[in-house]
Every structure is written in C-alpha cells, then in structure tokens.
Amino acid sequence: RLRSTMSRSRNGWNIGGTLGYNYQIGPSVIGIETDLSWANAKGSEPFFGATLETRNTWYGTARARIGYAFDRFMPYITGGLAYGDMRAEIDPFGVSASKTKFGWTLGAGLEYAFLSNWTVKAEYLYVDLGKFDTGFAAPFAALDVNLKQHMARVGLNYRFGGPVYSRF
C-alpha cells in the first residue's frame with residue numbers, strides 16, 4: 001500500500017499568552033518561556049474529486065532563549081518543544097481526523113524595553129509537528145498530513161517584580 005503526504009501552506013492568525021523567566025549576567029540574557037495560542041491556520045487542496053482541508057486550531061511551545069542586551073534592545077535566539085492540534089477534513093463528505101502532536105521549534109527575535117516593566121517583541125518561529133496518519137484511504141494510498149509552519153508574531157510583555165535587567 002502506498003502512502004501519500006499532503007503538506008500545503010496554511011494561512012491564518014493566532015492569539016495567546018506567554019509566561020517566562022529571564023536572568024541577566026552582564027549584557028547576556030538567558031531564559032525560558034512557554035506559550036499557548038488559539039490559532040486559525042488552515043489550507044485546502046483537491047483530493048480525489050473532493051477537498052481536503054487541514055487546520056491547526058491551537059499550539060504551544062516551551063523554549064529556551066538566549067539574548068544579548070544592547071541598552072534597551074535585545075536580539076535573541078530561541079528553540080525547544082512545540083505541540084499542537086492537527087486536523088484534517090474531507091468536504092463534502094464530512095470525514096475528519098485530528099491528533100495532538102509534539103515536535104520542535106526554532107526562531108529568533110528582537111525585544112525592546114520601552115517602559116520600566118514593559119517590553120515589546122517581534123519574533124519568527126519555525127514549528128515542525130511532523131505528520132500524522134489521518135486514517136483516510138484513497139484508492140491504493142493512505143493519507144498523512146504534515147504540519148510545518150513559519151510564524152511571524154509580535155508580543156507585549158509585562159515584567160513582574162523588581163528589576164531583573166540592568167537596563168533591559
């Protein structure tokens with residue numbers, strides 16, 4: 001039996017929250033953070049006379065982060081665990097499958113401290129949750145769906161407690 005893999009690009013948006021901890025040694029900053037987001041990323045393609053729609057409705061990450069503070073600016077790199085929901089549905093038949101998958105993420109960003117406890121950041125993440133077997137069967141082939149996403153996102157952060165950074 002043959003296996004067919006579908007991996008179209010998905011477009012959409014997400015909104016969520018982040019918790020983390022940073023520690024500064026001189027200008028070097030190391031930290032950990034975790035986030036959870038509700039997402040609306042989806043794509044579709046023809047599938048044997050029907051339409052296959054793939055979706056990601058939520059995802060999260062748990063990452064390490066390493067940065068270097070230049071006054072109030074901090075470029076950083078990040079990477080770690082990614083997890084999320086993968087869904088596939090064949091229209092108009094209403095056949096669907098979903099699975100929570102674990103994978104990895106890598107990225108980079110820039111954070112700016114604009115008030116004493118407030119920062120704003122822009123970051124890019126590449127997320128790879130691998131693939132899952134939908135259980136759908138087409139003539140002579142089973143169907144796997146990939147979830148690999150490029151994400152650009154912005155965030156507003158509030159730092160609780162006393163000054164953790166000298167200036168950043």
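This passage describes a pocket, a nonpolar surface patch and several local backbone features of a predicted model.

The largest pocket in the predicted model has a volume of about 720 Å³, and 30 residues form its lining, with T18, L19, G20, N157 and Y158 lying nearest the centre. Two or more residues of this lining come from each of the strands β2 (11-25), β3 (28-47), β7 (118-138) and β8 (141-158). Among these elements, β2 gives the most to the lining, with nine residues. In chemical character, the lining of the largest pocket divides into twelve nonpolar, ten polar and eight charged residues. A search of this kind rests on a simple idea, namely that rolling a probe the size of a water molecule over the atoms shows where empty space is left.

Strand β2 appears again on the surface, where a nonpolar patch of about 750 Å² is made by Y21, Y23, I25, I30, I32, I66 and I77. The elements that supply two or more residues to this patch are β2 and β3, and β2 gives the most, with three residues. One of the patch members, I32, is placed in strand β3, and I32 counts as exposed because its relative accessibility of 56% lies over the 50% limit used for that class.

Two features of the backbone call for separate mention, given that most residues other than glycine have a negative phi, and most peptide bonds are trans. In the loop between β4 (50-68) and β5, D71 has a positive phi of about 55° although this residue is not a glycine. D71 has a relative accessible area of 42% and is therefore partly exposed, since that class covers values between the 20% and 50% limits. The second feature is a cis peptide bond that joins D91 and P92, with an omega of about 10°. Of these two residues, P92 lies in the loop between β5 (73-91) and β6 (95-113).

A contrasting environment is found in strand β6, which contains G107. The relative accessible area of G107 is 16%, so this residue is buried, the limit for that class being under 20%. Along the sequence G107 and V127 are 20 residues apart, while in space their C-alpha atoms are separated by 8.7 Å.

How values were computed
Residues numbered from 1 in each chain as written. Predicted model: local features only at pLDDT ≥ 70, side-chain atom pairs only at ≥ 80, totals over all residues. Heavy atoms only, no water. 1 Å grid on protein atoms, 1.4 Å probe; cavity = no way out; pocket = protein on both sides within 12 Å on 5 of 7 lines; lining within 4 Å. Points joined across faces, edges and corners; volume = space filled by probe spheres on them. Helix = DSSP H or I, 4+ residues; strand = E, 2+ residues; numbered from the N terminus. Nonpolar A, V, L, I, M, F, W, Y, C, P; charged D, E, K, R; others polar. Buried < 20%, exposed > 50% of the residue type's maximum accessible area, 1.4 Å probe, protein only. Patch = residues over 30% accessible without salt bridge, like charges linked within 9 Å, V, L, I, M, F, W, Y side chains within 5 Å. Areas by Shrake-Rupley, 256 points an atom, 1.4 Å probe, with all protein chains shown as cover. Salt bridge = Lys/Arg side-chain N within 4 Å of Asp/Glu carboxyl O.
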